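Here are some exercises on aromatic rings and burial, each with a worked solution. Have a look at the model before you start.

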Amino acid sequence: MNRMESKDDAWQERPIAYSTVAFAVIILLSFIPGLHAADSPVLMILEHVEANAKIQTKIETKGGLIASPFKGKPQEKWSIRPGEALTAESRPGERAVNFFQGSGIQSTLLFIVRVRYFQNSEGKWVPQFQLNEEPLVVRGKDGRWKPLTTIHGVPNLIVQTGTALPNAEGYSTALELGFTTGATPIDAWLVQ
């Protein structure tokens, strides 16, 4: 083996070493704050109380199905609070958030919250909410589809307990709700 072959062999190993170092630098840079792509704005905050402490979960504007960090933990009452106020020249688009109990094939749609932005006194767009209950239906004795809660003698599945009154378009600054069936978990949500 002569000296030239050694240099060539060493040179051939360098591209592997350089690419390994470059990969390591990229990984390290991803942990530096401020270099990530911006997070989606917070659309709403889902809140409940555990052991006399308010627990808040941020729901972002990005679309998709998200599993709740409190999956399988039933609560007597859930609250929905506004997320971030946005600065824009025109009203941001409306959103809908579907809330589910269970997961996969066994999931049940509990309710839908429609979100519309309204301008505050500072000129920022603040999210407000409208609750749309999607009742489960069954075929009654007369052959017609009826809400399951009506069959069982309960007029509504959801009871709103909050004091926030809706605006002229039917949207409230916050929602507080519970279920007539008792404590219920919110296991996932789908932002659309």
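**Exercise 1.** Decide whether Phe99 and Phe111 are buried or exposed.

*Solution.* Both Phe99 and Phe111 are buried; buried means under 20% relative accessible area, exposed over 50% and partly exposed in between, with a 1.4 Å probe and protein chains only. A word on the source: this is a predicted model, where local features need pLDDT of at least 70, side-chain atom pairs count only at pLDDT 80 or more, and totals for chains, interfaces and linings use all residues. Residues are numbered from 1 along each chain as its sequence is written, and side-chain values use heavy atoms, leaving out hydrogens and water.

**Exercise 2.** Classify the ring pair of Phe99 and Trp189, and place it in the fold.

*Solution.* Step one: rings of Phe, Tyr and Trp (its six-membered ring) pair if their centres lie within 6.5 Å; planes under 30 degrees apart count as stacked, over 60 as edge-to-face and the rest as tilted. Step two: the centres of Phe99 and Trp189 are 6.4 Å apart and the planes are at 55 degrees, so this pair is tilted. Step three: Phe99 is in strand 5 and Trp189 in strand 12 (residues 188-191), so the pair ties together parts 90 residues apart in sequence. Strands (E, at least two residues) are DSSP runs, numbered from the N terminus. Finally, both Phe99 and Trp189 are buried.

**Exercise 3.** Which residues form one aromatic cluster?

*Solution.* The cluster is made up of Phe99, Phe111, Phe179 and Trp189. In total, the structure holds 4 aromatic pairs.

Technical notes:
Helices (H or I, at least four residues) and strands (E, at least two) are DSSP runs, numbered from the N terminus.
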